[in-house]
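User: Hey, can you walk me through this fold?

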Amino acid sequence: MKKIEAIIKPFKLDEVREALAEIGVNGLTVTEVKGFGRQKGHTELYRGAEYVVDFLPKVKVELVVPDNLVEASVDTIIKAAHTGKIGDGKIFVMNVEQVIRIRTGETGEEAV
């Protein structure tokens, strides 16, 4: 099993969620986050004063999938989150050693 974390633009969340549901991913966690990479933030004007916004709003989508769904999930996120502009985001894939469903005690892929 693998854990996939994707940092994407907030307005792409619904597209990513719907696309993942179509390939059989039935659970994910979404967190509102802030950050920057090459995008570096931008300058804004507020009441005549200029200030720098270093951290830009993003969304972190986390999902745990069986090994046979990893490549399809990553490809799906890339297609759904892509705008072609700087700041589209990043995807991280990590190994998951164990999963336990608290309610039933199920473990492994049955708990995903």
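Analyst: Sure, here is the sheet and then a helix that packs on it. This is a predicted model, where local features need pLDDT of at least 70, side-chain atom pairs count only at pLDDT 80 or more, and totals for chains, interfaces and linings use all residues. Residues are numbered from 1 along each chain as its sequence is written, and side-chain values use heavy atoms, with hydrogens and water left out.

User: In what order do the strands of the open sheet go?

Analyst: The order is β2-β5-β1-β6, with antiparallel pairing. Strands are DSSP runs of E, at least two residues, and helices are runs of H or I, at least four, numbered from the N terminus; two strands pair if DSSP finds at least two bridges between them.

User: Which strands stand at the edges?

Analyst: β2 (29-35) and β6 (89-95) do; each has a single partner strand, so one side of each lacks a neighbour in the sheet.

User: How many bridges join β1 to β6?

Analyst: 7, with β1 covering residues 2-8. Ile7 sits opposite Lys90 in β6.

User: Switching to α2, which of its residues are buried?

Analyst: Val70, Ser73, Val74, Thr76, Ile77, Ala80 and Ala81. Buried means under 20% relative accessible area, exposed over 50%, partly exposed in between (1.4 Å probe, protein chains only).

User: Why do they line one face?

Analyst: Down the axis of α2, the buried residues fall within an arc of 160°, so they line one face. That arc is taken from the directions from the helix axis to the C-beta atoms.

User: And what's exposed on the other side?

Analyst: Glu71 and Lys79.
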